[in-house]
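Colleague: Hey, got a minute to walk me through this protein? I'm new to reading structures, so plain words please.

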Amino acid sequence: MDDVAFNYRMVDCYYEHNDLVVAAPRCGEHRDFGSFTLIQSTHPGLQVNMDDKWHDVPLVPEGSAILIFGWCTQIALFNDRIPALLRKVDDDQDVSSRASAILFCAPKKVETPLEPVVKPGESQKYIGGIKVGQANFGGKMARKWRYREGTLSDKDRIVEEEEIHLTNMMTQDHVADRSVKVQTHACS
């Protein structure tokens, strides 16, 4: 367990809207980077995207939590068989506050390999030999997350907006698709 990092957060996703302030999304759509995330919330509102449709996740009983796999697990263990779940918090104006206890688990060391486990008859979806530090793409995954949440410094926000303009890499998915996925090209 010397290569496991845990990050525990208490998050209050609140809805605020008045004539002077336009509310930002409580927690916009994203996939977590690490191995897995455990979530326990006080109110419903978590939504997951499956088959290109948003679905409400029922509130789990007290003492239970929701387990969601992240990018590192999608790449290393599942080779895309089970994706890192795309999720968000619904902006339901009838729920003024939604507190969540969130435990993130991820590899601690940047040299930790994310070698895809490829089953017989399956093609490898990700480049072999990639390491956690490379999968964060020089901080691009983290920067996309902070940009979405509105917590980037002015300097990093300018860097992110220039990158989006030059590369059209709007989301973490775009970064992963272009950086670690095996590229297939049609033969003519």
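**Chatting through the model**

Modeller: Sure, let's start with one residue. His-43 sits in the loop between β3 (36–41) and β4 (46–50). Keep in mind that this is a predicted model.

Colleague: Okay, so is His-43 buried, partly exposed or exposed?

Modeller: His-43 counts as partly exposed, because its relative accessibility is 34%, and that label covers values between the 20% limit for buried and the 50% limit for exposed.

Colleague: And how far apart are the C-alpha atoms of His-43 and Pro-58?

Modeller: They are separated by 9.2 Å, and the two residues are 15 residues apart along the chain. Both His-43 and Pro-58 also help line the largest cavity.

Colleague: Oh, a cavity! How many of 30 Å³ or more are there?

Modeller: The count comes to one. About 50 Å³ of space lies in the largest cavity.

Colleague: What else lines the largest cavity?

Modeller: The lining includes Gln-40, Ser-41, Pro-44, Gly-45 and Leu-46, plus Val-57, Leu-59, Val-60, Ile-66 and Arg-98. By class, that lining has seven nonpolar, four polar and one charged residues.

Colleague: Let's zoom out. How many helices and strands does the protein have?

Modeller: There are five helices and eight strands. Along the sequence, the pattern reads β-β-β-β-β-β-α-β-β-α-α-α-α.

Colleague: How much of the protein counts as buried?

Modeller: Of its 188 residues, 33% count as buried. As for the outside, the accessible surface comes to about 11500 Å², and 55% of that belongs to carbon and sulfur atoms.

Colleague: And what share of the contacts comes from residues 24 or more positions apart?

Modeller: Among contacts with a separation of 6 or more, those pairs account for 72%.

Colleague: Now the inside. Which residues have the most contacts within the largest nonpolar core?

Modeller: That core has 13 residues, and the ones with the most contacts inside it are Trp-71, Ile-75, Leu-114, Tyr-126, Met-141, Ala-176 and Val-180. Helices α1 (71–76) and α5 (172–179) each supply at least two residues of this core. The largest share, four residues, comes from α1.

Colleague: What about a second core, how many residues are in that?

Modeller: Eight, and this core is separate from the other. Ile-39, Val-57, Ile-66 and Ile-102 are among them. You've met two of those names already: Val-57 and Ile-66 are in the cavity lining too.

Colleague: Switching topic: I spotted Glu-163. Where is that one found?

Modeller: Glu-163 is in helix α4 (residues 154–167).

Colleague: Why does Glu-163 count as buried?

Modeller: Because its relative accessibility is 11%, and buried means under 20%.

Colleague: So what does Glu-163 touch?

Modeller: Leaving out residues up to four places away in sequence, Glu-163 touches Lys-140, Arg-143, Lys-144, Asn-168 and Met-169.

Colleague: Last one. What's the phi of Asp-51?

Modeller: Phi of Asp-51 is near 55°, a positive value in a residue other than glycine. Asp-52 has a positive phi as well, near 60°.

Colleague: Why point that out?

Modeller: Because most residues other than glycine have a negative phi.

Colleague: Where do Asp-51 and Asp-52 lie?

Modeller: Asp-51 lies in the loop between β4 and β5 (53–56), and Asp-52 lies in the loop between β4 and β5 too. Asp-51 counts as exposed because its relative accessibility is 73%, and Asp-52 counts as exposed at 74%.

Terms used: Residues are numbered from 1 along each chain as its sequence is written. This is a predicted model: local features need pLDDT of at least 70, side-chain atom pairs count only at pLDDT 80 or more; totals for chains, interfaces and linings use all residues. Side-chain values use heavy atoms; hydrogens and water are left out. A nonpolar core is a set of buried Ala, Val, Leu, Ile, Met, Phe, Trp, Tyr and Cys residues joined through side-chain atoms within 4.5 Å. Buried means under 20% relative accessible area, exposed over 50%, partly exposed in between (1.4 Å probe, protein chains only). Contact means heavy atoms within 4.5 Å. Accessible areas come from the Shrake-Rupley method with a 1.4 Å probe; for residues, only the protein chains shown count as cover. On a 1 Å grid over the protein atoms alone, a cavity is a set of points where a 1.4 Å probe fits but cannot get out, and a pocket is an open set with protein on both sides within 12 Å along at least five of seven lines; lining residues have an atom within 4 Å of a point. Grid points are joined across faces, edges and corners, and a volume is the space filled by probe spheres set on the points. Ala, Val, Leu, Ile, Met, Phe, Trp, Tyr, Cys and Pro count as nonpolar, Asp, Glu, Lys and Arg as charged, and the others, Gly among them, as polar.
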